Amino acid sequence: MIINHKEKASALLKADAEKILKLIKVQMDNLTMPQCPLYEEVLDTQMFGLSKEIDFAIRLGLVEESVGKKILDELEKELSVLHEASIRK
């Protein structure tokens with residue numbers, strides 16, 4: 001049962017990371033440019049929230065620290081690629 005909770009926690013955190021990526025994609029495509037303070041505010045707020053979720057899951061023992069770091073690192077890489085692509089437009 002504990003393993004199931006760990007798998008579920010990891011899946012939920014990955015899903016939240018994907019939601020952030022989709023939110024930023026929509027914002028970049030339709031609303032604002034990456035240089036806009038609103039874009040930066042949304043990104044900072046969402047990333048902070050996700051990092052707090054991950055910290056909480058780590059403290060509960062549901063996610064290994066390395067898994068949490070990997071989720072954040074992968075999201076940051078994807079956001080960086082997205083940002084670079086938007087600048088080239």
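Visitor: How many helical turns separate D73 and K69 in helix α3?
Guide: D73 and K69 are 4 residues apart in helix α3. An α-helix has 3.6 residues a turn, so residues three or four places apart point the same way. The separation of D73 and K69 is therefore about one helical turn.

Visitor: What pLDDT do local features need in this model?
Guide: Residues are numbered from 1 along each chain as its sequence is written, and side-chain values use heavy atoms, with hydrogens and water left out. The model is predicted: totals for chains, interfaces and linings use all residues, side-chain atom pairs count only at pLDDT 80 or more, and local features need a pLDDT of at least 70.

Visitor: What is the average pLDDT of the protein chain?
Guide: The pLDDT is the predictor's confidence in each residue, from 0 to 100. Confidence is lowest in α1, at a mean of 87, and highest in α2, at 89. In the protein chain, 89% of the residues score at least 70, and the average is 86.

Visitor: Which pattern does the protein chain follow along the sequence?
Guide: Helices (H or I, at least four residues) and strands (E, at least two) are DSSP runs, numbered from the N terminus. The secondary structure comes to 3 helices and 0 strands. Read along the sequence, the pattern is α-α-α.

Visitor: How far apart are the end C-alpha atoms of helix α3?
Guide: The expected span of a helix is 1.5 Å times one less than its number of residues. For the 24 residues of α3 (residues 65-88), this gives 34 Å. The model agrees with that expectation, since the end C-alpha atoms are separated by 35 Å.

Visitor: Which element gives the largest share of the largest nonpolar core?
Guide: A nonpolar core is a set of buried Ala, Val, Leu, Ile, Met, Phe, Trp, Tyr and Cys residues joined through side-chain atoms within 4.5 Å. The largest one has 19 residues, and those with the most contacts inside it are L13, I24, M47, L50, L75 and L79. Two or more residues come from each of α1 (2-31), α2 (37-60) and α3. The largest share, 7 residues, comes from α1.

Visitor: Is S10 buried or exposed?
Guide: Buried means under 20% relative accessible area, exposed over 50%, and partly exposed in between (1.4 Å probe, protein chains only). S10 lies in helix α1. Leaving aside residues up to four places away in sequence, S10 touches V63, V67 and I71 (contact means heavy atoms within 4.5 Å). Because its relative accessibility is 14%, S10 counts as buried.

Visitor: Which residues does M47 touch, not counting residues up to four places away in sequence?
Guide: M47 is among the residues with the most contacts inside the largest nonpolar core. The buried residues of α3 include L72, L75 and L79. M47 touches these three as well as two others, the full list being I20, L72, L75, E76 and L79.

Visitor: How many salt bridges are there?
Guide: A salt bridge is a side-chain nitrogen of Lys or Arg within 4 Å of a carboxyl oxygen of Asp or Glu. K19 pairs with D16 at 3.9 Å, and both lie in helix α1. D73 meets K69 at 3.2 Å, N to O, while E74 meets K70 at 3.9 Å. By this rule, the count of salt bridges is 3.
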